[in-house]
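Take a moment with the sequence and the model before reading on. The paragraphs below go from the overall layout to a single helix and then to the ligand.

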Amino acid sequence: MSFDLQPQEKLSPLWRIATFVVMIVGFSILGLVTRIAYDNTPPIPKQVVSPTGKVLFTEEQIIAGQGVFLKNNLMEHGTLWGHGAYLGPDYSASHLHEQALTLQELLAHKIYGKSFEQLNQYEQGSILHEVPQILKQNRYDSSTGTLTFTEEESQAYAHSLNYWKDYFTLGLAPGLPKNYIANPQDQHTLTAFFAWAAWAAVTNRPNEEFTYTNNFPYDPLAGNHPSADAYLWSAISLIFILGVTGLVLFIVSKFGLGWGGSIKNRHVCETRLTLPALTPSQKTLGKYFVIVALLFLFQSLAGGALAHYRVESSFYGLPLLDYLPYNLLRTWHLQLSIFWIATAWIAGGLFIAPLLSGSEPRYQKFGVNLLFGALLIVIIGSLIGEYLSSINYFQGDWWFWVGNQGS
Ligand code: HEM
């Protein structure tokens, strides 16, 4: 296979300039947006206290809880602030909703001495009005780093500890085995992390009428509704991307602008599909494609099992859940796709290189074999690391380096 480009067929330099402009402008905007995002992150309080000053949880516990979340790969089970997998819940939304329901019940007892169910619709209306008022008010004091929960919020936090303990131990989490997170300290810090995430999702930013997550998740009970800006900017971004793409295509096709360079006759760029004899490095590349096929097969099987979890927790009677929890399979599903695509990409590049250069560099075959070994180590190491992480094999911080996070 070869491409014969005659000098007069070179593309216009405008393409190169456009590539640089797009790169520079694109990465500058990415950098700027990242900066703005970091400047507007929700604060992590040093401590969260009840009105009497009792410490409910601390910054260290929130961070440790995030570690428990990552170590146990919960982002491959559910979502947090909308990011992650779709079998489990959105943990921040679940915590928030549970908190709002508990507040509803606590307020009904406090104000009317009855459960919420027993109230008439006017009484219920007053409670439904009150719950968002409590949740939306930002009681974080940046000068001391202290967030104060109301009495009802403090009680709701105690309730949520039991809620998450039950969730992870009684087999209530779809696709996860019983006692998945059985360590009480882990349950405690994880709840602190969820409580902080839910707080950031519902409390208004200082001097604003929207939350740190721009009112995500939608939860009318907690007073979270999409802001007008969310509608406006979603619509604007959609119109902008489609409109500008259309405009560019229109201008280039209508006016040409010399972007075709000096190509006189586009048909001269001919492709000959007869290959010269394979070089030694090309021959040795065959095994890459065997691996690609195997990885793709394995990925599709993992995808099939994932889809199966939507229906039942065993696989036609086989106790799949005990060996391959959903979050592990989903991690494998995504990792395997990255691996086979990357392997095929690398192998394709290595195959074409001698064709383009017309000769085989020295030690090319050795390099191809060396790279193959490296690929196998990375692929097998990653899959095993994720498996060991899922059975809680790693001690200390090892999960971070070679477990779900590192792999
Ligand atoms: C038999 C074939 C496949 C099946 C049955 C399947 C099934 C699934 C299922 C059920 C999920 C949802 C997991 C969740 O979010 O909780 C998923 C996610 C995903 N799959 Fe597949 N899959 C297949 C093939 C593939 C292939 C060939 C690729 C890419 C090369 C792929 C890439 C992905 C990605 C990137 C996600 C994550 C999507 C997201 O987070 O929004 N899948 N797949």
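How far apart do the C-alpha centres of domain 1 and domain 2 lie? In this predicted model, the separation between the two C-alpha centres is 39 Å. The domain assignment from which these units come places domain 1 at residues 47-226 and domain 2 at residues 272-402. The two domains do touch, since 10 residues of domain 1 are in contact with 12 residues of domain 2. Sorted by class, the side of domain 1 that touches domain 2 is made up of five nonpolar, three polar and two charged residues.

With the two domains located, the protein can be considered as a whole. Its secondary structure consists of 13 helices and six strands. The radius of gyration is 28 Å, which is well over the 22 Å that the globule rule gives for 407 residues, so the protein is more spread out than a compact globule. Along the principal axes, the C-alpha trace of the protein spans about 90 × 55 × 40 Å. Of the 407 residues, 26% count as buried. If one considers the contacts in the protein with a separation of 6 or more, residues 24 or more positions apart account for 65% of them.

Helix α6, residues 184-202, can be followed in more detail. What span should its 19 residues have, at 1.5 Å a residue? The expected value is 27 Å, and the end C-alpha atoms of α6 are indeed 27 Å apart, so the expectation and the model agree. As for the surroundings of this helix, 15 of the 19 residues of α6 are buried, a residue being counted as buried if 20 or more other C-beta atoms lie within 10 Å of its own. Helix α6 is therefore largely enclosed by the rest of the structure.

The last stop is the ligand. There are 13 residues around the ligand, and those that come nearest are Ala85, Ser300, Gly303, Leu306 and Ser337. Which helices each supply at least two residues of the shell around the ligand? They are α9, residues 286-308, and α11, residues 326-357. Helix α9 provides the largest share of this shell, with six residues. At the level of domains, the shell draws at least three residues from each of domain 1 and domain 2. By class, the shell around the ligand has six nonpolar residues, six polar residues and one charged residue.

How values were computed: Residues are numbered from 1 along each chain as its sequence is written. This is a predicted model: local features need pLDDT of at least 70, side-chain atom pairs count only at pLDDT 80 or more; totals for chains, interfaces and linings use all residues. A residue is near a molecule or strand if its C-beta atom, placed from the backbone, lies within 6 Å of it. Helices (H or I, at least four residues) and strands (E, at least two) are DSSP runs, numbered from the N terminus. Ala, Val, Leu, Ile, Met, Phe, Trp, Tyr, Cys and Pro count as nonpolar, Asp, Glu, Lys and Arg as charged, and the others, Gly among them, as polar. Domain bounds come from an automatic or database domain assignment. The radius of gyration is taken over C-alpha atoms; the globule rule is 2.2 Å times the number of residues to the power 0.38. A residue is buried if 20 or more other C-beta atoms lie within 10 Å of its own, exposed if 12 or fewer, and partly exposed in between; C-beta atoms are placed from the backbone. Two residues are in contact if their C-beta atoms, placed from the backbone, lie within 7 Å. The expected span of a helix is 1.5 Å times one less than its number of residues.
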